[in-house]
Amino acid sequence: MSLEQLQLDPYLLAQMYHQPIIPEMRSAQPAVEKALPKVKYLGENQKNVLLLIQNESEAYLNDELFNLLTNILSACKLGMQEVALVNVAQYPGLTLADYKQLIPTQQCIFFAIPPEILGLPPMQAYRLETHLQIPVLYSDHLQQIATDKTSKGKLWMALKQLFGI
């Protein structure tokens, strides 16, 4: 009996081959775009500097930390009109790429937010890195910077590098 005359039961064939023997041509599924919310921010973003904080208890920052932030910005020759301050606690699930798509961004500083939450690889604090074609700086919480001179000094050195001061 030759192989050409061999007949197999269709049920037996189905049991032998769980997947197709010849792979199908699969067409790419259209990418479903994530519906991005309108992000509210404090400031006018005139210089496209994105500042990201995470504060579940307040809209942005308490008065003490807001004053510290404005003093830091003043030292960098910036004001609130030149930056966009976003509280990421109000927008769970958004990544830095999403924020960059929603808010014009040329530089980004984020305070005490794990980089993974923003869709970034692990980062070292106070070390300037480039992600998504923009310089990104990861910093400790503003409360720690307010009380720790070492952290404040590290932040200042990184900001000088970021803004070319």
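A disulfide is a pair of cysteine sulfur atoms within 2.5 Å. The model used here is predicted: local features need pLDDT of at least 70, side-chain atom pairs count only at pLDDT 80 or more, and totals for chains, interfaces and linings use all residues. Residues are numbered from 1 along each chain as its sequence is written, and side-chain values use heavy atoms, with hydrogens and water left out.

**Exercise 1. Cysteines**

Task: State how many disulfides the structure holds, then decide whether Cys76 and Cys108 are buried or exposed.

Solution. Start with the count. The structure holds 0 disulfides. Next, apply the cut-offs: buried means under 20% relative accessible area, exposed over 50%, and partly exposed in between (1.4 Å probe, protein chains only). Cys76 has 7% relative accessibility, so Cys76 is buried. Cys108 is buried because its relative accessible area is 0%.

**Exercise 2. Overall layout**

Task: Count the helices and strands and give their order along the chain.

Solution. Helices (H or I, at least four residues) and strands (E, at least two) are DSSP runs, numbered from the N terminus. The chain has 5 helices and 5 strands. Their order along the sequence is α-β-α-β-α-β-β-β-α-α. Now check burial. The chain has 165 residues, and 37% of them count as buried. Then look at contacts, meaning heavy atoms within 4.5 Å. Taking contacts between residues at least 6 apart in sequence, 71% join residues at least 24 apart.

**Exercise 3. Strand 3 and its partners**

Task: Describe the burial of strand 3 and find which strands it is joined to.

Solution. Begin with burial. Of the 5 residues in strand 3, 5 are buried, and the strand is mostly covered. Then sort the side chains. In a regular strand the side chains alternate between the two faces of the sheet. Here Gln107, Ile109 and Phe111 point one way, while Cys108 and Phe110 point the other way.

Now find the partners. Two strands pair if DSSP finds at least two bridges between them. Strand 1 (residues 49-53) runs parallel to strand 3, with 4 bridges. In this pairing, Leu52 is opposite Phe110. Strand 5 also runs parallel to strand 3, again with 4 bridges. Here Phe111 is opposite Ser139.

**Exercise 4. The aromatic pair**

Task: Identify the aromatic pair, classify its geometry and say which elements it ties together.

Solution. Set the rule. Rings of Phe, Tyr and Trp (its six-membered ring) pair if their centres lie within 6.5 Å; planes under 30 degrees apart count as stacked, over 60 as edge-to-face and the rest as tilted. The structure holds 1 such pair. The partners are Phe110 and Tyr138, with centres 5.1 Å apart and 25° between the planes, and the pair is stacked. Phe110 sits in strand 3 (residues 107-111) and Tyr138 in strand 5 (residues 134-139), so the pair ties together parts 28 residues apart in sequence. Both residues are buried.

**Exercise 5. Helix 2**

Task: Check the span of helix 2, then describe its ends and its cover.

Solution. First, the span. The expected span of a helix is 1.5 Å times one less than its number of residues. Helix 2 (residues 63-75) has 13 residues and should therefore span 18 Å; the end C-alpha atoms are 18 Å apart, which agrees.

Second, the ends. A polar contact is a pair of N or O atoms within 3.5 Å; within protein, one must be able to donate a hydrogen and the other to accept it, and residues adjacent in sequence count only if both atoms are side-chain atoms. Asn62 caps the N-terminal end, with a side-chain oxygen 3.2 Å from the backbone nitrogen of Glu64. Just after the helix, Lys77 has a positive phi of about 60°.

Third, the cover. The buried residues of helix 2 include Leu65, Leu68, Leu69, Ile72 and Leu73. Among the elements covering the buried residues are strand 1, strand 3 and helix 5 (149-163).

Finally, Phe66. This residue is also in helix 2. Phe66 is partly exposed because its relative accessibility is 25%. Beyond residues up to four places away in sequence, Phe66 touches Leu42, Leu61 and Met80.

**Exercise 6. A loop asparagine**

Task: Place Asn55 and find what its side chain meets.

Solution. Asn55 lies in the loop between strand 1 and helix 2. At 16% relative accessibility, Asn55 counts as buried. A polar atom of its side chain lies 2.9 Å from the backbone oxygen of Tyr60. Leaving aside neighbours within four places in sequence, the contacts of Asn55 are Tyr60, Leu61, Asn87 and Ala89.
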